[in-house]
Amino acid sequence: MTIRNSSYLNRTLAPEMRLLASLVLSLGTIASAHYIFPSLVANGVATSEWTNVRRTNNYYSREPVTNVKSIDFRCYTSEAGATASTIDVAAGSQLGIQANGPMYHAGVVNVYMAKAPGDVSTWDGSGNVWFKKSSSGTPDFRFYRWRKIHHLPCIEHSITFTVPKSLPSGQYLVRMESIALHDSAFVGGAQFYIACGQINVTGGGSGSPGPLVAIPGVYSGTEPGILIDIYYPIPTTYVQPGPVVWR
Ligand SMILES: *[C@@H]1O[C@H](CO)[C@@H](O)[C@H](O)[C@H]1NC(C)=O
C-alpha cells in the first residue's frame, strides 16, 4: 500500500513540480527570451558559436521567423548574408545542432538538409533541393494547459541525429527548424527558430534523398501542425508539416 501511495503521489505531483520549475525558468529567461542555434555538435564536440553555422539575423534579438513564405524562412541570414566554415562529418556518425540555452517553448523540431551543387559556403540553398532528415515526435501538450505557462522545464539544449550512411558524400546545408507552438492558434502565430550549418559529408553512400522541396515554399502556414491550438482541446496527436522524413 505504501508503495502504491507513494507512486500515486509521484505521478500526481510530478507535473505540478514541473510547472513550478517551468515558472521559475520562465521568469529567469524573460530578459533573454527565445533562442538561437549557433553551434553544431560534430564528432562529439560543440563547435564554437557561428563558426560552422551561418550567423542568423536574430543572433542578438533571438526573435523568431513567423512568415513561412519569407526568404528568412530558409536560413534567416538576410541581414548579414553570413556564411560559415564547413566541417567534415562522416556518414553514419552523430551530428547535433545546439541552442544557446534550453529550447523551452512548447513545440517540435525538424531538420532539413540540402546538397550543394558545388561549394556550400557560397550557395544560397534555393530550388527544390531540401529533404527532411528528422522530425521530433508528438509532444505532451498536457504540460501547457495553463496559457500563461508555455515553457517546458526539462528541455533539451540540442538535438542529435545520425548522418545517414547512404547519404552521398559532399557539401550540405543542415537546417534546424524549431517550431514553437505556444501561441499558434492563429495564422502567423507559430514561431520558427531557424539556423543553417555547413557540413562536408565524407565516406557517404549512393542514396537519393527525397522528396525534395523548396524552402520557403514547403509550408503554407495553415497546416494542422502550424495552425494549432495546443491548449483546448489539448491535442493528443500531432502531424508534422512538410514532406515525410527520408528513410
Ligand atoms: C570534403 O571531404 C573530402 C574528403 O575527405 C575532401 O577531399 C574535401 O576537401 C572536403 N571539402 C571541404 C570543403 O571540406
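## Unusual backbone geometry in a predicted model

Tyrosine 76 is found in the loop between β2 and β3. The model here is a predicted one, and this tyrosine is a good place to begin a tour of its backbone. Although tyrosine 76 is not a glycine, its phi is positive, at about 60°. Its surroundings are worth a look too: tyrosine 76 is buried, because its relative accessible area of 8% falls under the 20% cut-off.

The loop that runs from β2 (45-46) to β3 (87-90) also holds tryptophan 50. Here again phi is positive in a residue other than glycine, with a value near 60°. Is tryptophan 50 buried or exposed? Tryptophan 50 is buried, and its relative accessible area is 18%.

Why pick out such residues? Because most residues other than glycine have a negative phi, and most peptide bonds are trans.

That brings us to the peptide bonds. Where does proline 211 lie? Proline 211 sits in the segment after β9, a strand that covers 191-202. Proline 216 has its place in the segment after β9 as well. The bonds leading into these prolines are set out below.

| Peptide bond | Form | Omega |
|---|---|---|
| glycine 210 to proline 211 | cis | near -5° |
| isoleucine 215 to proline 216 | cis | near 0° |

With the structure in front of you, the segment after β9 can be viewed with both prolines in mind: proline 211 follows glycine 210 through a cis bond, and proline 216 follows isoleucine 215 through a cis bond.

Note on methods: Residues are numbered from 1 along each chain as its sequence is written. This is a predicted model: local features need pLDDT of at least 70, side-chain atom pairs count only at pLDDT 80 or more; totals for chains, interfaces and linings use all residues. Side-chain values use heavy atoms; hydrogens and water are left out. Helices (H or I, at least four residues) and strands (E, at least two) are DSSP runs, numbered from the N terminus. Buried means under 20% relative accessible area, exposed over 50%, partly exposed in between (1.4 Å probe, protein chains only).
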